[in-house]
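Work through the following exercises with the sequence and the structure side by side. Try each task on your own before you read its solution.

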Amino acid sequence: MKRVIFLLALLLSSFFYAQENDEYVSTISKEDSLVIASYRIKLAQNINPYPDSAFYYSRRIKALTVQRMYGIGIADADYLIGQCHKRVQQNDSAIYYFKEALTLSRAIDHRIGMARAYNSLCRTYYLMGEMEASIDACEKAIESTYSFDDPNNLVFADSHIALSTAYSRQNKLQEAIRMLLVVDSVHKAEPLRPDVIAASYQNLGSIYLDIENYDASEDYYIKANDEFKKIPGDVSYYLNTTHINLGRVYFYKNDLEKADSLLTLSYNFFSSIQDERNIAEISTYLGQVKVKNNQLLEGEAYFKEGLSIHKKYQRNYEASLNALELAKLSIKKEEPDIAIAYLQEAESLNTDSQNSLVTQETNSLLAKSYALKGDFKEAFSYSEKATHIKDSLQKIQSAEKIKEIEAIYQTKSRDREIELLTSQNELVREQKKNQKNILLGILILTGLIGLFFFFQYRNRQKINQKLKEVDKAKSTFFANISHEFRTPLTLIKGPLEDQLATDSLSRSQRKNLLYAQRNTKRLEYLVEQLLALSKLESGNFKLQVQPGNLSRFIASQAEAFSFSSQEKQIDYTIHLKDKDTKEWFDRDAMEKILFNLIGNAVKFTPEHGTIELVGERDGTDYQFIVINSGAYLNPVERQNIFTRFYQTGAQNVGTGIGLALTKELVELHKGSINVESEKEGNTSFTVRIPITEEDFDASEILSASLQEDESPATSFSEENTESTIITTEEDAPVLLIIDDNAAIRDYITSIFETEYKIHTAEDGKEGLEKALESIPDIIISDVMMPYEDGFSLTKKLKDNELTSHIPVALLTAKTEDKDKLQGIHTGADAYITKPFGSQFLKATINNLLENRRKIQQRFSQEVVLLPKDIAISSADEKFLERLQKVIDEHLVEPNFSADSFSIEMGVSRMQLHRKLKAITGQTASEFLRSQRLKFAASLLKKNKAPISEIGYMAGFNDPSYFAKCFKQEFGCTPTEYNS
């Protein structure tokens, strides 16, 4: 609609503009047109390889058009001169000429000239790091395209590509990808010029590169080059711009040889045409490749070259990236002062663009630098800043969010955009046809507007009808699925209660059954919430108020959370002014409101925190407040907290319907609910509802025969299920359980605590630390965890020499084959889907340990370790090769002890002990003695020396001790063995 009105205004305004700019001519001779066209062709051919020649032809065009007073030609000449200055990185001059082109185009109503000038200003501003100015110019370029017939939507599409680049440099990937999807829609409606759609593919490749989807990035870059190859003539310049980005992709995919080859090829090409902007960019990436290949001096030279060129042309954003790379290199070389100097420079360079990723990495590297200097106070301060920025970025965007935007756009917005563009072109053509007769044009446009509104009205009616049908189907689905859940829940709940009623249960059995009962109640409550939501949406949830003492009712409901508060050692207090009054309220609705608010408070209050429930009657209303500590909600979260399915963070588990249901129930009860949160204090939910009979209609009051009597508050108690820790044998296997759910950790502990030494961890990061510290015999880990998921944890464990031998069993709710394959590919030894039985879990763990024992027996029989004879990990193989090398060098030294052994291996004695015990079944001392005896036995077989000397040759100082140990190992003396 805005476009139609804008077009109508332009039609009217153009009628009165005919004689305001008579100093310029609107046409030139055919001969002059051909000369200008030939100059433009030569300029296009030379601007990339020979910019000086391009300058010559652009100025020839300017001279001819000024001589002929050809306004459109002068504006286009200024635009072309600006492009030449931009090519040689003279950005200030480029800006000047683009503004000159814009001013003249606006004066003579040359609308395509205005759009091109705005487009070029956008592209130049983002090269200079002035992102806000760039975005503003791009938006004006796009707006300008609505007022003229844009051939093949060229300027419209290219301006969206430029705007996408500006958003990308601000790390606003959601907005960037929206712009590129618009270009994709335009291309499908009417194919764009190859170089334009190729630029779009390049930008998409860069976005996927930023979110580390390297395969998708590579595909888009290859698509870009395929489009470039369709352009007639020499396309080396364009192909090499793509090669730069492909080099980055291969660098991140660790194909350093291919990355080095492509980047060097592009570097040489742009050096040959003296394109310093691209030279500087490639220098950064080549430096990264060289550093990764441990060619530090070459890498540093490339980084310094890139920094110098970027600073020379005031490309501050790119210069800040080079400064970061030089800082990383200085940290690697243990030169913290130099690193800090580069980081301060990066911080200064990032002032204009304010790129959040650059800021986050700068703070992270400053923390490392100060830690390297020993200034841990400063290091901690910068580390906190970096973590805060990283957390903010994770909340704002993720790869999953971008994929979601793409899916939504493709399903809902693409057809509308195509329809809008088609309508735009039709309207512009209609404008051209009716310029000779303004009145007729107005009548036609009025008719089109009428038709537009008519079809909009018809479409809106259809959409509203569809939405009603979807809402009805959704409500029916919720109701049906909620009722379907009731049967299996009953079948679970009944047997559990029967079992708990018996007296023959052990403490461990009762504890496990109580866990099951508690989670069954939780599932039942979630089903109730779904049913309540479906009733609210369908309008079947009706108030049924009845008289009662609301303070006593709230107290009785709130008491149910005493036990869960005690478990977390929360200070839980209830302050309700109990007056002998009668209030009218719906008990079912109030119960759901209270359970959601207090349940959330218990869930999000940290251990040793506080929860306070305060309430009293206030005239004809009743107000109560639930206050809890330690859970700050920022303004955005407070605004969305009552929205269905909204979650404050990816790591906060839950359905996201509890508070939405609460708000709808409060409003159904004719009340209000508000939330307040202090940054360093408490979060409070305030509910205020009317409680007099006059506040409700007769249909909302429960009949007198159904009204319940007041029931006293009952205390909620639960049997103490804490079990005594069972002491295991000293040589019992060590089991590490890693899961972010405390109930799951406790349940698995109860299965294995009589046979294993148990260690637990709350997430993958803590689990990795504990695995390296204790070297367990086996690990059970969940897949979905904060900080470090199970797949990533398993890969790190299997890549580390100290932990590579440890069997890992992954627990997960993901049952698809691709998820199982991912688990196996990361090195997991078993993949167990939830729910699982205790016997199955025990059998799986015992089988993994039995397989490990067979490997121990195999290795314990070898004099020379032969890892390639047995299926083990590459990290284990490297460890054993290093172990064999140390044994070969030091075995015969009498003073080579277990302590010396651990020093030579570069690990602690405990870690070596646990590692050798896991692989060979022997301690470090036992392993050394066994290897010496096996070596002595091999010498005896070969008759290499007298028996009296063989003990010394094998590293034994005392012949009698050697004979004693030999007999213990082989069951006979050396003399008997030799015979």
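**Exercise 1.** Decide whether leucine 448 is buried, partly exposed or exposed, and state which surface feature includes this residue.

Solution. Keep in mind from the start that the model is predicted. The relative accessible area of leucine 448 is 33%, and because partly exposed residues fall between under 20% for buried and over 50% for exposed, leucine 448 counts as partly exposed. Next, place the residue in the fold: leucine 448 belongs to helix H21, which covers residues 438–501. Finally, look at its partners on the surface, where Leu448, Leu451, Phe454 and Phe455 make up a nonpolar patch whose accessible area is about 370 Å² together.

**Exercise 2.** Find how many disulfides the structure holds, and work out which hand is given by the torsion about the S-S bond of cysteine 122 and cysteine 138.

Solution. The count is 1 disulfide, and it is formed by cysteine 122 and cysteine 138, with their sulfur atoms 1.8 Å apart. This distance satisfies the cut-off, since a disulfide needs the two sulfur atoms to be within 2.5 Å. The torsion about the S-S bond of the pair is about -70°, and therefore the disulfide is left-handed. The pair links distant parts of the chain, for cysteine 122 sits in helix H6 (residues 111–127) and cysteine 138 in helix H7 (residues 131–144), 16 residues apart. Both cysteine 122 and cysteine 138 are buried. For practice with the same word, cysteine 84 counts as buried because its relative accessibility is 1%, and cysteine 972 also counts as buried, at 16% relative accessibility.

**Exercise 3.** Describe the salt bridge of lysine 140, then the salt bridge of lysine 253, and say where in the chain the partners lie.

Solution. The structure holds 31 salt bridges, and these are among them. Lysine 140 pairs with aspartate 136, and the closest N and O atoms are 3.3 Å apart. Both lysine 140 and aspartate 136 lie in helix H7, 4 residues apart, which is about one turn of the helix. Lysine 140 is partly exposed at a relative accessible area of 33%, and aspartate 136 is partly exposed at 37%.

Turning to the second pair, lysine 253 forms a salt bridge with aspartate 215, where the closest N and O atoms are 3.0 Å apart. Lysine 253 is in the loop between helix H12 (236–252) and helix H13 (256–272), while aspartate 215 is in helix H11 (residues 214–228), so the pair ties together parts that are 38 residues apart in sequence. Lysine 253 counts as partly exposed, at 33% relative accessibility.

**Exercise 4.** Examine the salt bridge between lysine 663 and glutamate 667, and then name the residues that salt bridges with shared partners join to Asp215.

Solution. The closest N and O atoms of lysine 663 and glutamate 667 are 2.4 Å apart. Lysine 663 and glutamate 667 both lie in helix H27 (residues 658–668), 4 residues apart, about one turn of the helix. Lysine 663 is partly exposed, with a relative accessible area of 25%, and glutamate 667 is partly exposed as well, with 45%. As for the network, salt bridges that share partners join Asp215, Glu218 and Lys253.

Terms used:
Residues are numbered from 1 along each chain as its sequence is written. This is a predicted model: local features need pLDDT of at least 70, side-chain atom pairs count only at pLDDT 80 or more; totals for chains, interfaces and linings use all residues. Side-chain values use heavy atoms; hydrogens and water are left out. Patches are made of residues with over 30% relative accessible area and no salt bridge: like charges are joined within 9 Å, nonpolar side chains (Val, Leu, Ile, Met, Phe, Trp, Tyr) within 5 Å. Accessible areas come from the Shrake-Rupley method with a 1.4 Å probe; for residues, only the protein chains shown count as cover. A salt bridge is a side-chain nitrogen of Lys or Arg within 4 Å of a carboxyl oxygen of Asp or Glu. Helices (H or I, at least four residues) and strands (E, at least two) are DSSP runs, numbered from the N terminus. Buried means under 20% relative accessible area, exposed over 50%, partly exposed in between (1.4 Å probe, protein chains only).
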